[in-house]
Amino acid sequence: MLTMLDLSYNQLGTTGCLAVGEAIAECRVLQSLSLAANGVGDDGLVRLAGALSLVPLTELDLDGNAIADAAVGALLGMASRTGTLATL
């Protein structure tokens, strides 16, 4: 069972990161996900948070992505729904 996935520095962009999020949402077992430095923008982050809202992530690494404070609200909403996110 896959519980940790590190896709840092792969230049997936918003579309690629969203596709990863949607695939992860199907299995709902991942605990740690790193999408650091992949070019995720604000819109992508909001959509990614929606896709991950049922995944029991305890750790999510988005370092190195250009994300505004307003988009981080979507992550906080995701974290409150899952109740598992401990490290962002």
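**Helix α1 and three positive phi values**

In this predicted model, Ala37 counts as buried, with a relative accessibility of 13%.

User: Where is Ala37, and what is its phi?

Analyst: Look in the loop between β2 and α2, which is the place of Ala37. Most residues other than glycine have a negative phi. Ala37 is not a glycine, yet its phi is positive, at about 50°.

User: Is Gln11 buried or exposed?

Analyst: Gln11 sits in the loop between β1 and α1. Its phi is also a positive one, near 50°. The cut-off for exposed is over 50% relative accessible area. Gln11 comes in at 62%, so Gln11 counts as exposed.

User: How far apart are the end C-alpha atoms of helix α1?

Analyst: Helix α1 covers residues 13-27, which makes 15 residues. At 1.5 Å a residue it should span 21 Å. The model agrees with that, because the end C-alpha atoms are 22 Å apart.

User: Which elements do the buried residues of α1 pack against?

Analyst: Start with who is buried: Gly13, Gly16, Cys17, Leu18, Val20, Gly21, Ile24 and Ala25. These buried residues of α1 pack against two strands and a helix, namely β1 (4-6), β2 (32-34) and α2 (42-51).

User: Which residue follows α1, and what is its phi?

Analyst: Helix α1 takes in residues 13-27. Right after α1 comes Arg28. The phi of Arg28 is positive, near 50°.

How values were computed: Residues numbered from 1 in each chain as written. Predicted model: local features only at pLDDT ≥ 70, side-chain atom pairs only at ≥ 80, totals over all residues. Heavy atoms only, no water. Helix = DSSP H or I, 4+ residues; strand = E, 2+ residues; numbered from the N terminus. Expected span 1.5 Å × (residues − 1). Buried < 20%, exposed > 50% of the residue type's maximum accessible area, 1.4 Å probe, protein only. Contact = heavy atoms within 4.5 Å.
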